[in-house]
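Q: I have a chain open here and would like to go through it with you. Could you keep the cut-offs explicit as we go?

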Amino acid sequence: GCRSSAAANATANVDAMSLEITDATEAASSAKPFSFSVEDTARVGKKVLWHTGKAAWTFGTSFLILVVPLIIQLHREEQTMAMEAEQMSVLSAPTAAAAPA
């Protein structure tokens with residue numbers, strides 16, 4: 001019946017899978033040890049430098065476009081306030097010519 005053929009197929013699949021499974025010690029001995037070559041290190045170093053440069057460029061241009069104009073405007077505002085304060089002190093101070101003798 002259908003059940004016996006399904007069971008036979010399942011057994012065949014298990015047998016096929018068991019042929020592909022290797023012993024853990026055998027797999028470990030045939031595996032390449034984990035190490036980096038000079039080429040791998042150079043490739044990773046180039047990638048790190050490339051991405052660092054891109055990040056620095058993005059940060060630098062964003063700073064120039066967004067922050068530097070703000071700093072300039074704040075400096076101008078500070079100068080304007082200092083000049084207004086100086087003018088107010090000159091206008092409100094009594095002068096020697098205006099004072100009666």
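Q: How much area does the chain expose, and what share do carbon and sulfur atoms supply?
A: The chain exposes about 9400 Å², of which carbon and sulfur atoms supply 69%, with areas taken from the Shrake-Rupley method and a 1.4 Å probe. This is a predicted model, in which local features need pLDDT of at least 70 and side-chain atom pairs count only at pLDDT 80 or more, while totals for chains, interfaces and linings use all residues. Residues are numbered from 1 along each chain as its sequence is written, and side-chain values use heavy atoms, leaving out hydrogens and water.

Q: What percentage of the residues is buried?
A: Buried residues make up 0% of the 101 residues, where buried means under 20% relative accessible area, exposed over 50%, and partly exposed in between.

Q: Which elements have the lowest and highest mean pLDDT?
A: On pLDDT, the predictor's confidence in each residue from 0 to 100, helix H1 (residues 2-20) has the lowest mean, 53, and helix H3 (residues 38-92) the highest, 95. Helices here are DSSP runs of H or I with at least four residues.

Q: How many aromatic pairs are there?
A: There is one aromatic pair, counting rings of Phe, Tyr and Trp (its six-membered ring) whose centres lie within 6.5 Å; planes under 30 degrees apart count as stacked, over 60 as edge-to-face and the rest as tilted. The ring centres of Phe-59 and Phe-63 are 6.3 Å apart with planes at 25 degrees, so this pair is stacked.

Q: Are those two rings buried or exposed?
A: Phe-59 is exposed at 61% relative accessible area, whereas Phe-63 is partly exposed at 35%.

Technical notes
Buried means under 20% relative accessible area, exposed over 50%, partly exposed in between (1.4 Å probe, protein chains only). Helices (H or I, at least four residues) and strands (E, at least two) are DSSP runs, numbered from the N terminus.
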